[in-house]
Amino acid sequence: MKYLLIIILGCISINIKGQTHDYLAEYAKGYRGGYIKGQQSRDGALEFVAIGDFGRGGEYFQKDVAANLAKAVTGINASFIISTGDNIYPDGVASVNDPLWRLSFEDVFYQYPLHRPWYAVLGNHDYHGNAQAQVDYSGTSQRWNMPARYYAIKKSINDSARALFVFIDTNTLDPESYGATYAEELREQDSTKQLLWLDSILSNPGADVQWKIVIGHHPCYTAGNRALRKPYIRYALENMLEKYKVDIYLSGHEHHLQYYHPGEKFTHHIISGAGSEANESLKPRSEVDFFAPIQGFVTFSILPRNILLQFINRKGEIIKNVSWYK
């Protein structure tokens, strides 16, 4: 639905066409940060944004992404932001006081609309440094949330329906990671314990949970650079995702935007790993429903029986809408 707001400032009238009521309400209160043309926001929906692989000190178009992320968050009045990992390049952080927090996060995503909860997972580059410091930063920052290396939260859609979000550490599920310098730290995390925990969460989500979304750094399916590698994360997770009818598996790691719903499968697979570096000449290397090798992010709008995804690039363009019913 399109809206028209006319604001009179002295003798000057300002017309804002085609924007959501959420954006218009913020504009009326003084917001002037711009908007995403054609963005949709739906009454009564739980709306949020997902971005990943972003922390490059503002370089590789990270600042462009941040500026349009703020516009998109305002347009749908997003409740929160999800990070799919690789939060700080190239080697994570050394501590909660590492200057890289400011260089790659605080001073890039500084816009007021982005000062709302961020829920994050650990990527492989985050393990290059002090992974625990990213957990501990939850006690330093008012918006950064990573209470543990894996955790779950619920968000209300309406009075009778909620969505379950399960954040996991896929680094421990990737056999190739055990050849890295941080292998001993991975062994200490106990991948079997995490999988048992995941099983317990998904098997008993609660009667009011209408949507189940699992977030990890490594994808189960990719048409990107790693398409020809063995899909170890798929081996580790897919049976459980399908068994408990998880609606979405959301990941990063690959530096592109992607949507894929494998035939005969229940779970929809989404990659949002284009927060900074991306290779725009990359062609899809396997079957995929949508593939965009450009910096950007994904917005989500969830109603009890329907979901809408909007893929937005670094230029502030909506490049794909995806919607389905339960």
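**Serine 276, the nonpolar cores and the largest pocket**

Serine 276 is found in the loop that runs between strand 12 (268-272) and strand 13 (290-292), where strands (E, at least two residues) and helices (H or I, at least four) are DSSP runs numbered from the N terminus. The model is predicted, so that local features need pLDDT of at least 70 and side-chain atom pairs count only at pLDDT 80 or more, while totals for chains, interfaces and linings use all residues. Residues are numbered from 1 along each chain as its sequence is written, and side-chain values use heavy atoms, with hydrogens and water left out.

With a relative accessible area of 0%, serine 276 is buried; the term buried stands for under 20% relative accessible area, exposed for over 50%, and partly exposed for what lies in between (1.4 Å probe, protein chains only). Not counting residues up to four places away in sequence, serine 276 touches Asp53, Phe54, Arg56, Glu59, Tyr60, Gln62, Tyr89 and Gln295, a contact being heavy atoms within 4.5 Å. The C-alpha atoms of serine 276 and glutamine 295 are separated by 5.8 Å, although these residues are 19 residues apart along the chain.

In soluble globular proteins, nonpolar side chains tend to be buried together. The largest nonpolar core (buried Ala, Val, Leu, Ile, Met, Phe, Trp, Tyr and Cys residues joined through side-chain atoms within 4.5 Å) holds 68 residues, of which Phe109, Phe165 and Phe300 touch the most other members. Helix 2 (residues 62-76) gives the most to this core, with 7 residues. Neighbours within four places in sequence being left aside, the contacts of phenylalanine 300 include Leu46, Phe48, Ile76, Ile248 and Leu309. A second, separate core has 18 residues, among them Val209, Met240, Val246 and Tyr249.

Asparagine 124 lies in helix 4 (residues 124-128) and, at 12% relative accessibility, also counts as buried. Beyond its neighbours within four places in sequence, asparagine 124 is in contact with Asp86, Asn171, Tyr182, His217, His218 and His253.

His253 appears again at the largest pocket, where Pro219, Arg226, Arg229, Lys230 and His253 lie nearest the centre among 24 lining residues. A pocket, on a 1 Å grid over the protein atoms alone, is an open set of points with protein on both sides within 12 Å along at least five of seven lines, and lining residues have an atom within 4 Å of a point. Helix 8 (residues 232-243) gives the most to this lining, with 3 residues.

Methods
1 Å grid on protein atoms, 1.4 Å probe; cavity = no way out; pocket = protein on both sides within 12 Å on 5 of 7 lines; lining within 4 Å.
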